[in-house]
Amino acid sequence: MVKPKQKPVVIGVTGGSGSGKTTVSRKIFNELSNYSIMILQQDSYYKDQSNMTMAQRKKVNYDHPMAFDYDLIIQQLKQLLNYQPIEKPVYDYNQFTRSKETIHQDPREVIILDGILILDDERLRDLMDIKVFVDTDDDIRLIRRIERDMHERGRSLDSIIKQYLTTVKPMYHQFVEPTKRYADIIVPEGGENQVAIDLLTTKMRAILRSRGNQQIKQNFDSTI
Ligand SMILES: Nc1ncnc2c1ncn2[C@@H]1O[C@H](COP(=O)(O)OP(=O)(O)O)[C@@H](O)[C@H]1O
Ligand SMILES: Nc1ccn([C@@H]2O[C@H](COP(=O)(O)O)[C@@H](O)[C@H]2O)c(=O)n1
């Protein structure tokens, strides 16, 4: 890849679990697919716990900032901003730890960063051009999470409810919701808010044009 002169544009999309972050990120990805674009998920950067037993892994609070490897995500985002490729970690929700494999990720001109606690760390915030908070009521997020975790993450209803009450909900109010103050834009209800998606992509195109980033003809595959 020829190194463009301007640094890639980074848009951070945050909000509680089940708020619609990934849906918003995918819509932005699709609307800007005539640029080279990628999605980087904070979930990929949960700490490696391969040295722990399964019983210990299940007790971890996955909604606390300590659960994430911020040093690695910041280091890899900086590499991408310098147009260097990364070996992205892969997170296995069923094993509650990182997989042994990594995914090779080439740099892109637009980086969408998606995760519950991406605005909690000042170093990470400072790397973003636009910060978005997807704001969805607790009850809606819980219903979505039950459906998703039962179908996609192999969890039982009992374990989802217990986890929600002991960590997901309290950590949301202690750590995630307070990061709303750092957002440039708050998007109610997420993925179905087409007006917000249009406003965001119009702004992104303006930044890309002002930096002289070139559109491409070819569409890139999603790299979630
Ligand atoms: N506005 C919406 N209306 C209805 N369902 C939605 C909406 N936004 C997202 N969903 C659904 O809710 C679930 C969680 O959405 P997702 O975007 O994965 O949230 P997050 O990434 O914040 O956890 C998905 O099944 C998605 O299809
Ligand atoms: N082993 C794990 C790791 C994370 N979680 C939950 O994932 C949520 C964040 O992902 P979203 O796609 O929902 O934003 C977070 O709330 C963790 O509780 C988990 O259940 N198990």
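This report covers two ligand shells, two helix pairs and several single residues in a predicted model.

Residues are numbered from 1 along each chain as its sequence is written, while chains are lettered from A and ligands numbered from 1 in the order in which they are written. Because the model is predicted, local features need pLDDT of at least 70 and side-chain atom pairs count only at pLDDT 80 or more, whereas totals for chains, interfaces and linings use all residues.

## Ligand shells

Ligand 1 is surrounded by 14 residues. A residue belongs to such a shell if its C-beta atom, placed from the backbone, lies within 6 Å of the molecule. The closest are Gly20, Lys21, Thr22, Thr23 and Gly191. Two elements give two or more residues to this shell: α1 (21-31) and α5 (138-152). Helices are DSSP runs of H or I with at least four residues, strands are runs of E with at least two, and both are numbered from the N terminus. The top contributor is α1, with three residues.

By class, the shell around ligand 1 has no nonpolar residues, nine polar and five charged. Here Ala, Val, Leu, Ile, Met, Phe, Trp, Tyr, Cys and Pro count as nonpolar, Asp, Glu, Lys and Arg as charged, and the others, Gly among them, as polar.

The shell around ligand 2 is made of Ser17, Gly18, Lys21, Asp43, Tyr46, Tyr62, Asp63, Tyr93, Phe96, Ile116 and Val168. Six of these residues are nonpolar, two polar and three charged. Lys21 is listed for ligand 2 and is also among the closest residues to ligand 1.

## Helix pairs

The axes of α1 and α7 are 10 Å apart, and the two helices pack at about 50°. Axes are lines fitted to C-alpha atoms, for helices over the stretch in contact, and angles run from 0 to 180 degrees between N-to-C directions. The pair is therefore oblique. On this scale, angles under 35 degrees are roughly parallel, over 145 roughly antiparallel, 65 to 115 roughly perpendicular, and the rest oblique.

The crossing of α1 with α7 is right-handed. That word applies if the near helix is turned clockwise from the far one by less than a right angle; anticlockwise would be left-handed. From α1, Val24, Lys27, Ile28 and Glu31 meet Ile197, Leu200 and Thr201 of α7. Contact requires C-beta atoms, placed from the backbone, within 7 Å. This α1 and α7 contact has four nonpolar residues, one polar and two charged.

The second pair is α5 and α6 (residues 157-176), whose axes come within 10 Å and cross at roughly 135°. That angle makes α5 oblique to α6. Their crossing is right-handed. On the α5 side, the contact uses Asp138, Leu142, Arg145, Ile146, Asp149 and Met150; α6 supplies Leu157, Ile160, Tyr164 and Lys169. Six of the residues in this contact are nonpolar, none polar and four charged.

## Single residues

Burial is judged by counting other C-beta atoms, placed from the backbone, within 10 Å of a residue's own: 20 or more is buried, 12 or fewer is exposed, and in between is partly exposed.

| Residue | C-beta atoms within 10 Å | Class |
|---|---|---|
| Arg141 | 22 | buried |
| Phe96 | 18 | partly exposed |
| Thr201 | 17 | partly exposed |
| Asp69 | 17 | partly exposed |
| Tyr83 | 16 | partly exposed |

Thr201 sits in α7 (residues 194-211). Beyond four places in sequence, Thr201 is in contact with Ile28, Glu31 and Leu32. Thr201 and Ile28 are 173 residues apart in sequence but 6.5 Å apart in space, C-alpha to C-alpha.

Arg141 belongs to α5. Outside its neighbours up to four places away, Arg141 touches Gly16, Ser17, Gly18, Ser19 and Thr136. Ser17 and Gly18 also appear around ligand 2. From Arg141 to Tyr46 the C-alpha separation is 21 Å, across 95 residues of chain.

Asp69 lies in the loop between α2 (54-58) and α3. Its contacts, not counting residues up to four places away, are Tyr45 and Lys47. The C-alpha atoms of Asp69 and Asp198 are separated by 32 Å, with their positions 129 residues apart along the chain.

Two non-glycine residues have positive phi. For Tyr83 the angle is about 60°. Tyr83 is in the loop between α3 (70-81) and β3 (86-92). Phe96 has a phi of about 55°. Phe96 is in the loop between β3 and β4 (97-105), and Phe96 is part of the shell around ligand 2.

Terms used
Two residues are in contact if their C-beta atoms, placed from the backbone, lie within 7 Å.
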